[in-house]
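Dear colleague,

I am passing on a structure that may be new to you, and below it I have set out what I found, beginning with one group of strands and then moving to a helix and a sheet. Please read the text with the structure open beside you.

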Amino acid sequence: MIITIKTKYIVYNHKGTGVRHHHFTEDNTIQSFPDQLGDDKETGNRDAYAPAKFAFNQDEDLYFAYMTITGTRAGNILVTQPGSTLYQTGSSPVINILAVYAPIPTSGTGQPAVWVDAVNVDSGTFSDDLHFIAVLTPPQHTLDTTKTTEANQEGDILMNTPETILASDTIDNGVPFVTWKQITWPQQITNAKEINLATTDSGKIWIAFYQSPYRKPIPISDIYTKPQWVDIATMVDGHDGQPGNPVMQIANELKSFSIGITLMGTSNQVNENLQKPLMEVAGKQIALACQEIQRKVAEDLGEK
């Protein structure tokens, strides 16, 4: 199967549309690359590279925030440090590599605020879940419903007072929380769901990441590589790569064996002059059936 590999670098600047302003357009693209083609049978590693920063004019550097790689053989990957990340192609027809960079810091004259957002690593996109965060006011940690609604819908929290942010356990119908990362320089990362913010934290950007545990699929070929009896007379395996391929059938031999047992069991019901010859015939019938079964088993073992 041919696999398409798509790579793009973007800047997170809160200027998109929709929920938390994260539906970005091409205006947010720093760099994109022509699609690459791969194959699902590749055995080597590929390299997804994200530089630590993009340097433009003085004091206009864009620093690496995170990267997601979806559709690899090992599932979907979250990368929180710049540099090279090795991956392999798998069964997905498309691999998407998205590297996200923090915006240029600005002093601004508006009200002090922190930006917040959520990323679903399973899909490699920003989540539109409107219940990913709660804003709590210390010291009692009472829920601030106004700031919570603003944070979930618009992605900002007014920092006129200290606040605590609490990530939801899951988003998007059950995808669990894994980590927070503060993406402006100097960056921070924590696995704690609860973060205490001071008024001096204005200007920071906290992104919560959610990802399902990876469960390695069992290839069909692996299921049938070892011989398995599917009924009393048929063994199957994957000799030709097809599940359920019969490689040894002994139904006729079992029938012959059964006939021999039946003859032996009825020999005492015939004329006594015929009992000995009938027992000899039954014995030969059983022996020949066993020899044929043994031959088929030996042939099957010889193929492996």
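**Strand β17 and its partners**

Strand β16 (residues 170-171) and β17 run antiparallel and are joined by two bridges, and in this pairing Thr 170 has Pro 176 of β17 opposite it. The two strands form a hairpin with three residues between them, and within that hairpin Asp 172 takes a positive phi near 50°. I should say at this point that the model is a predicted one, so that everything here is read from computed coordinates.

On β17 there are two further pairings to look at. Five bridges connect β17 with strand β20 (residues 205-210), again in an antiparallel arrangement, and Lys 181 has Ile 207 in β20 as its bridge partner. Strand β18 (residues 188-190) is likewise antiparallel to β17, with three bridges between them, and here Trp 180 stands opposite Thr 190 of β18. The connection from β17 to β18 is a hairpin that passes through five residues.

How many of the eight residues of strand β17 are buried? Six of the eight, in a strand that covers residues 175-182, are buried, so β17 is largely enclosed by the rest of the structure.

**Helix α1**

Helix α1 spans residues 145-154, and its buried residues include Lys 147, Thr 148, Ala 151 and Asn 152. Looking down the axis of α1, one finds the buried residues within an arc of 130°, so they line one face of the helix. This can be set beside a general point: an α-helix has 3.6 residues a turn, so residues three or four places apart point the same way. The cover over the buried residues of α1 includes the strands β10 (113-120), β12 (133-137), β13 (142-143), β14 (156-158) and β15 (163-167).

Both ends of the helix have a detail that you may want to look up in the model. At the start of α1, a side-chain oxygen of Asp 144 comes to within 3.2 Å of the backbone nitrogen of Thr 146, while just after α1 Gly 155 takes a positive phi of about 80°.

**An open sheet of four strands**

Some of the strands that cover α1 also belong to an open sheet, in which four strands follow the order β13-β12-β15-β19 with antiparallel pairing. At the edges of this sheet stand β13 and β19 (194-197), each with a single partner strand, so one side of each is left without a neighbour in the sheet. The pairing of β12 with β13 is antiparallel and rests on two bridges, with Thr 137 opposite Thr 142 of β13.

**The chain as a whole**

The chain has 304 residues, of which 38% count as buried, and its secondary structure comes to four helices and 23 strands. Among the contacts with a separation of 6 or more, 63% are between residues 24 or more positions apart. The accessible surface of the chain is about 17200 Å², and carbon and sulfur atoms account for 54% of that area.

As for confidence, the mean pLDDT of the chain is 86, and 85% of the residues reach 70 or more. Some care is needed with residues 220-224, over which pLDDT stays under 50 and for which the model has eight contacts beyond four places in sequence.

With best wishes

Technical notes
Residues are numbered from 1 along each chain as its sequence is written. Side-chain values use heavy atoms; hydrogens and water are left out. pLDDT is the predictor's confidence in each residue, from 0 to 100. Contact means heavy atoms within 4.5 Å. Buried means under 20% relative accessible area, exposed over 50%, partly exposed in between (1.4 Å probe, protein chains only). Accessible areas come from the Shrake-Rupley method with a 1.4 Å probe; for residues, only the protein chains shown count as cover. Two strands pair if DSSP finds at least two bridges between them. The arc is that of the directions from the helix axis to the C-beta atoms. A polar contact is a pair of N or O atoms within 3.5 Å; within protein, one must be able to donate a hydrogen and the other to accept it, and residues adjacent in sequence count only if both atoms are side-chain atoms.
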